Amino acid sequence: ALARGCRDITGAASRAGRKLDSALEFQQEQTDAVVKGLLDRALQHSVEKVLRAFGASLKRMLKPPYASRWMERLADQVFAGAWPDLKETIEESIMETAGRARAKEKRRQLFHWARRPRLQFGAWNCVRARVLHSLKPADGNKLRSVAERDGVALGVILLKMSPAFGTNVLVFILLFVLIDKSDESQLVGYILSFKSFQFISGVFSASSIAYAFLSCLQRAADGD
């Protein structure tokens, strides 16, 4: 009976200790949330004050000296249409970066990401996941592949950058095959990426042709 009583007392003390720890932890989280909320409000007030001053300065800069009234009205309309959205975006970006209320959430953003998929030939899903992760990593950017010396990712990126034998175009075709065409985000991202590639390659080709043409004209002029 004495031993059973001791066990009951020990169990009750252990349960009470766990409840006390839980209550103290909850109270600490509540206190931290209040303090972080106060700091965030102070930061937001400072950011709003700076943005108001910046907005007023920008509005004055849009009106050059000796501008006519219709130009000033046009500048006011442009500022009134663009500045509120721009101000809100800047404020949200600053609070997202420097705010304290979501610090724990930001630290845990990539905590539960799966590991980099392995390249296993013969398994289509593994190859697809590895190539897509190399070109469009969800847990980082392409510089991470350079920093971690990921040979597969670097190989895929170099093939995409190589103009020899149309390799870069073939990589875009492969990417179109691999992405989920029913996902609007992936499809729009692919279209924008391919259009950007067309523009850059077109500018490069036009510059090369123009340089070759000028070189021919220079040689012809030197021959004369």
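**Figure 1. Surroundings of L175 in the predicted model.** Beyond its neighbours within four places in sequence, L175 is in contact with L132, L135, K136 and Y190. The coordinates shown here and in the other views belong to a predicted model. L175 is also one of the ten residues of the largest nonpolar core, as are its contact partners L132, L135 and Y190.

**Figure 2. The largest nonpolar core.** Ten residues form this core: V131, L132, L135, V156, V171, F172, L175, L178, I179 and Y190. Two elements each contribute two or more of these residues, namely α4 (124-135) and α7 (167-178). Helix α7 supplies the largest share, with four residues.

**Figure 3. V131 and its partners.** V131, a member of the largest nonpolar core, is located in helix α4. V131 is classed as buried because its relative accessibility is 15%, below the 20% limit for that class. When residues up to four places away in sequence are not counted, V131 touches V156, L174 and L178. Among these partners, V156 and L178 belong to the core as well. Although V131 and L178 are 47 residues apart along the chain, a separation of 8.4 Å is found between their C-alpha atoms.

**Figure 4. A129 in helix α4.** Helix α4 also holds A129. With a relative accessible area of 29%, A129 is partly exposed, a class that lies between the limits of 20% and 50%. The C-alpha atom of A129 is separated by 9.7 Å from that of I179, and the two residues are 50 apart along the chain.

**Figure 5. Buried and exposed residues of helix α6.** A153, V156, I157 and K160 are the buried residues displayed for α6. These four lie on the same side of the helix, because they cover an arc of only 95° around the axis. An α-helix has 3.6 residues a turn, so residues three or four places apart point the same way. The exposed residues G151 and L158 are found on the other side of α6. Of the buried set, V156 takes part in the largest nonpolar core, whereas I157 and K160 line the largest pocket.

**Figure 6. T167 in helix α7.** T167 is part of helix α7. Its relative accessibility of 18% is why T167 counts as buried, given the 20% limit. With residues up to four places away in sequence set aside, T167 touches L159 and S162.

**Figure 7. The largest pocket and its lining.** The largest pocket holds about 300 Å³ of space. Its lining consists of I157, K160, M161, P163, N168, F172, S193, F197, I200, S201 and F204. Helices α6 (151-161), α7 and α8 (184-223) each give two or more residues to this lining. The most comes from α8, which provides five residues. By residue class, the lining comprises seven nonpolar, three polar and one charged. F172 is shared with the largest nonpolar core, as this residue appears in both sets.

**Figure 8. The chain as a whole, for orientation.** The chain contains eight helices and zero strands, and along the sequence its pattern reads α-α-α-α-α-α-α-α. Of its 224 residues, 15% count as buried. Among contacts between residues at least 6 apart in sequence, 46% join residues at least 24 apart.

Note on methods
Residues are numbered from 1 along each chain as its sequence is written. This is a predicted model: local features need pLDDT of at least 70, side-chain atom pairs count only at pLDDT 80 or more; totals for chains, interfaces and linings use all residues. Side-chain values use heavy atoms; hydrogens and water are left out. A nonpolar core is a set of buried Ala, Val, Leu, Ile, Met, Phe, Trp, Tyr and Cys residues joined through side-chain atoms within 4.5 Å. Buried means under 20% relative accessible area, exposed over 50%, partly exposed in between (1.4 Å probe, protein chains only). Contact means heavy atoms within 4.5 Å. On a 1 Å grid over the protein atoms alone, a cavity is a set of points where a 1.4 Å probe fits but cannot get out, and a pocket is an open set with protein on both sides within 12 Å along at least five of seven lines; lining residues have an atom within 4 Å of a point. Grid points are joined across faces, edges and corners, and a volume is the space filled by probe spheres set on the points. Ala, Val, Leu, Ile, Met, Phe, Trp, Tyr, Cys and Pro count as nonpolar, Asp, Glu, Lys and Arg as charged, and the others, Gly among them, as polar. The arc is that of the directions from the helix axis to the C-beta atoms.
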